[in-house]
Amino acid sequence: MPELPEMENYRIQLSKHILDLPITEVVVNREKSLNLDQEVFVNELTGRQVIFVERRAKHLLFHLDNGRRLILHLMLGGLLYLGSKEDRPSRSTQIEIVFGDNLVLYFIGLRLGYLHLLSAKEAEDSLAHLGPEPLGRKMNEEIFVKLMRKRRGSIKTVLVNQDVIAGIGNCYADEIAFAAGLRPTAKLQNMSEEDLLGLYRAMREVLVEMTEGGGYMEMPLTSEDTLTGGANDLCRVYDREGEACPRCGDQIVKTEMNGRKVFYSPGCQHDR
């Protein structure tokens, strides 16, 4: 499932291409991905412009020129592709939005994901439960430590809880734990303040590095996009079962916790 770095990469790139262009056509191949009747959705979007693209947690919010919001959650398996009608992807699409004469944003794999058209207030309310952004202005060392002190359970369980901190999922929770030298299964209630400060610094370092690296999405956003997917090679432990740890050389192991895959290096990641 796309996490903060993947969605932030999309936000940055889309902001360079689609802003202030009129929406000239909308194709819906899967009405279940919408929150409105298909005809209403198409009519509401046609002629509008996207004036700003925002990311909140794992969502993208397309701000329209009439004050409404398109809110996108790709969920598991969702992808975006931006190209011409002639450059359409070979995979099936659930929604297509045409900007201007021939620039198409293809929504792919929205079997679990969705694209909803909401008022600004509805969009705000739908995301109100989310915790603070890990790289946002409302997050710092003191706030992070206080948040962690209120929680019991493992690092991974808490980091992937969107109500606590927004935007982190399976992959980057494991990578953050590795960068901090702690096992994803380590219990927060057993950690010192030094441990928690190290976890905060690791969180920032990993998310910044992975965002700048383009995230781990398998498909470029455009035909000229050489950034998206670059973070695949930056992961140290996630999906690296059986490989040598780049820090200590021990073999990376995979286990499961609460139905989630967990990857770590037993040689240099410590439990608490």
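Visitor: Why is Leu112 called exposed?

Guide: Leu112 has a relative accessible area of 55%. Exposed means over 50%, buried means under 20%, and partly exposed lies in between, using a 1.4 Å probe and protein chains only. The 55% of Leu112 is over 50%, so Leu112 is exposed. Keep in mind that this is a predicted model, where local features need pLDDT of at least 70 and side-chain atom pairs count only at pLDDT 80 or more, while totals for chains, interfaces and linings use all residues. Residues are numbered from 1 along each chain as its sequence is written, and side-chain values use heavy atoms, leaving out hydrogens and water.

Visitor: Where does Leu112 lie, and which residues form a nonpolar patch with it?

Guide: Leu112 sits in the loop between strand E7 (103–108) and strand E8 (114–118). Helices (H or I, at least four residues) and strands (E, at least two) are DSSP runs, numbered from the N terminus. Met1 and Leu76 join Leu112 in the surface patch, and together they have about 300 Å² of accessible area. For nonpolar side chains (Val, Leu, Ile, Met, Phe, Trp, Tyr), a patch joins residues within 5 Å that have over 30% relative accessible area and no salt bridge; like charges would be joined within 9 Å. A salt bridge needs a side-chain nitrogen of Lys or Arg within 4 Å of a carboxyl oxygen of Asp or Glu.

Visitor: What makes Asp174 count as buried?

Guide: Its relative accessibility is 0%. That is under the 20% limit, so Asp174 is buried. Asp174 is found in helix H6. Beyond residues up to four places away in sequence, Asp174 touches Lys156, Pro184, Val237, Tyr238, Lys261, Val262 and Phe263. Contact here means heavy atoms within 4.5 Å.

Visitor: How many residues of H6 are buried, and what covers them?

Guide: Eight of the 11 residues in H6 are buried, so this helix is mostly covered. Among them are Cys171, Tyr172 and Asp174. The cover includes helix H1 (4–15), H5, H7 and strand E10 (260–264). After H6 comes Gly181, with a positive phi near 75°.

Visitor: Why is Cys171 not bonded to Cys235?

Guide: A disulfide is a pair of cysteine sulfur atoms within 2.5 Å. The closest cysteine sulfur to that of Cys171 is in Cys235, 3.8 Å away, so it is too far for a bond. Cys248 is in no disulfide either, as its nearest cysteine sulfur, in Cys268, is 3.7 Å away. By this rule, the count of disulfides is zero.

Visitor: Are Cys171 and Cys248 buried, partly exposed or exposed?

Guide: Cys171 is buried, at 2% relative accessibility. Cys248 has 37%, which falls between 20% and 50%, so Cys248 is partly exposed.

Visitor: What makes up the largest nonpolar core?

Guide: That core has 40 residues, and those with the most contacts inside it are Met148, Ile155, Ile165, Ile168 and Met203. Helices H4 (141–149), H5 (155–159), H6 (170–180) and H7 (193–212) each supply at least two of its residues. H7 gives the largest share, nine residues. A nonpolar core is a set of buried Ala, Val, Leu, Ile, Met, Phe, Trp, Tyr and Cys residues joined through side-chain atoms within 4.5 Å.

Terms used:
Areas by Shrake-Rupley, 256 points an atom, 1.4 Å probe, with all protein chains shown as cover.
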